[in-house]
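Visitor: Could you take me closely through the enclosed and open spaces of this structure, and through the residues around them? I would like one connected account rather than a list.

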Amino acid sequence: MSLADALGVGPGAVVSLVGGGGKTTAMFRLARELAARGLRVVTTTSTHISREQVALSPAVVSTGALSALGPLLDRHGQCLVAGAPDDRDRVFGSPPEEIALLAARADVDVLVIEADGSRSLPFKAPAEHEPVVHPLTTHLVPVAGLDILGAPLDEEHVHRARRAAALAGVPEGVPVTEEIVARVLAHPLGGGKGRPAGALLAPLVNRADDEAAAARGREILGRLVRRPGVDRALLCSMLRPDPVIERREKVK
């Protein structure tokens, strides 16, 4: 299944991806899927991405200079809105007021936002100032990579490990389990933090790149859909032509 179908994304959607373990890859994959269907998709970040990640987009327009956006969407179907890199090669995206303007444009069908940073680690919990989820968000998608399983819950392997441990109710340093991942992804101060009223919460468990990883991912999905607030959960491998291996709906 495609990401677009699994998430139920169509015209008017504003998708915010948070967490770690493949947010940027998922953002651009979703944009490609939607553009291939004839929709006009803007990607951006409410925090920052790397200069290398900017190169994943077929077209880029500068924040605050959006006169070229329409023609680029005509040509490519998708376009990244981003600023210039700073001295640390970080590229900042759109401020909240510009995101609102982008979402309101008649020539933009879908907006996909990377709303969080993770230091390229596969699992994280948000700090007090994170994530930067725009209030227009219709789909909130917290992401985690299965390659975190078995690793110590420490700062070398988990971004903001102390907060993740507190949300999961476990000591720092313990091996990361399926239950820990599910607790943090579903927690209203974890993967669900900043969720606007009415927005779909759909955790994405990523990097199910072989059958062993997929089996562990299915266990996480089973735990996620039983937790309050989670609407659906996805098991994905971005190495597949259709990345969604399994979708589960909330257990009522």
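Guide: A search of the whole structure, which is a predicted model, finds zero disulfides. A disulfide is a covalent bond between the sulfur atoms of two cysteines. Two cysteines can be placed by their accessibility: Cys79 has a relative accessible area of 0% and is therefore buried, since buried means under 20%, and Cys236, with a relative accessible area of 0%, is buried as well.

From these buried side chains one can turn to the enclosed spaces, and the structure holds two cavities of 30 Å³ or more. The largest cavity has a volume of about 90 Å³, and 15 residues line this cavity, with Gly19, Lys124, Pro126, Gly190 and Gly191 lying nearest its centre. Two or more residues of that lining come from each of the elements β1 (14–19), β8 (139–145) and α7. Sorted by class, the lining of the largest cavity divides into nine nonpolar, four polar and two charged residues.

The second largest cavity holds about 30 Å³ of space, and its lining consists of Leu3, Leu7, Leu17, Ala26, Met27, Leu30 and Leu204. Here the class count is seven nonpolar, no polar and no charged residues. Both α1 (3–7) and α2 supply at least two residues of this lining, and α2 gives the most, with three residues.

Helix α2 also leads to the open side of the account, for α2 (23–36) and β3 (48–50) each supply at least two residues of the lining of the largest pocket. That pocket has a volume of about 630 Å³, and of the 29 residues that line it, Lys23, Gln53, Ser118, Arg119 and Ser120 are the closest to its centre. By class, the pocket lining has six nonpolar, 15 polar and eight charged residues.

Helix α7, already met as a contributor to the lining of the largest cavity, deserves a closer look through one of its residues, Glu178, which is found in this helix. Although its side chain is that of a glutamate, Glu178 is buried, because its relative accessible area of 10% falls under the 20% cut-off. The side chains of Glu178 and Arg216 are joined by a polar contact of 2.7 Å. When residues up to four places away in sequence are left out, Glu178 touches Leu149, Arg216, Glu219, Ile220 and Arg223, so that Arg216 appears both as the polar partner and in the list of contacts, as the cut-offs of 3.5 Å and 4.5 Å allow.

Beyond that helix the chain passes into a loop, and Ala197 has its place there, between α7 (178–186) and β9 (200–201). In contrast to the buried Glu178, Ala197 counts as exposed, because its relative accessibility of 83% is over 50%. Ala197 can also be set against Arg218, from which it is 21 residues apart in sequence and 28 Å apart in space, taken from C-alpha to C-alpha.

To draw the parts together, helix α2 takes part in lining both the largest pocket and the second largest cavity, while α7 gives two or more residues to the lining of the largest cavity and holds the buried Glu178 with its polar contact to Arg216.

Key: Residues numbered from 1 in each chain as written. Predicted model: local features only at pLDDT ≥ 70, side-chain atom pairs only at ≥ 80, totals over all residues. Heavy atoms only, no water. Helix = DSSP H or I, 4+ residues; strand = E, 2+ residues; numbered from the N terminus. Buried < 20%, exposed > 50% of the residue type's maximum accessible area, 1.4 Å probe, protein only. 1 Å grid on protein atoms, 1.4 Å probe; cavity = no way out; pocket = protein on both sides within 12 Å on 5 of 7 lines; lining within 4 Å. Points joined across faces, edges and corners; volume = space filled by probe spheres on them. Nonpolar A, V, L, I, M, F, W, Y, C, P; charged D, E, K, R; others polar. Disulfide = S-S within 2.5 Å. Polar contact = N/O pair within 3.5 Å; in protein donor to acceptor, adjacent residues only side chain to side chain.
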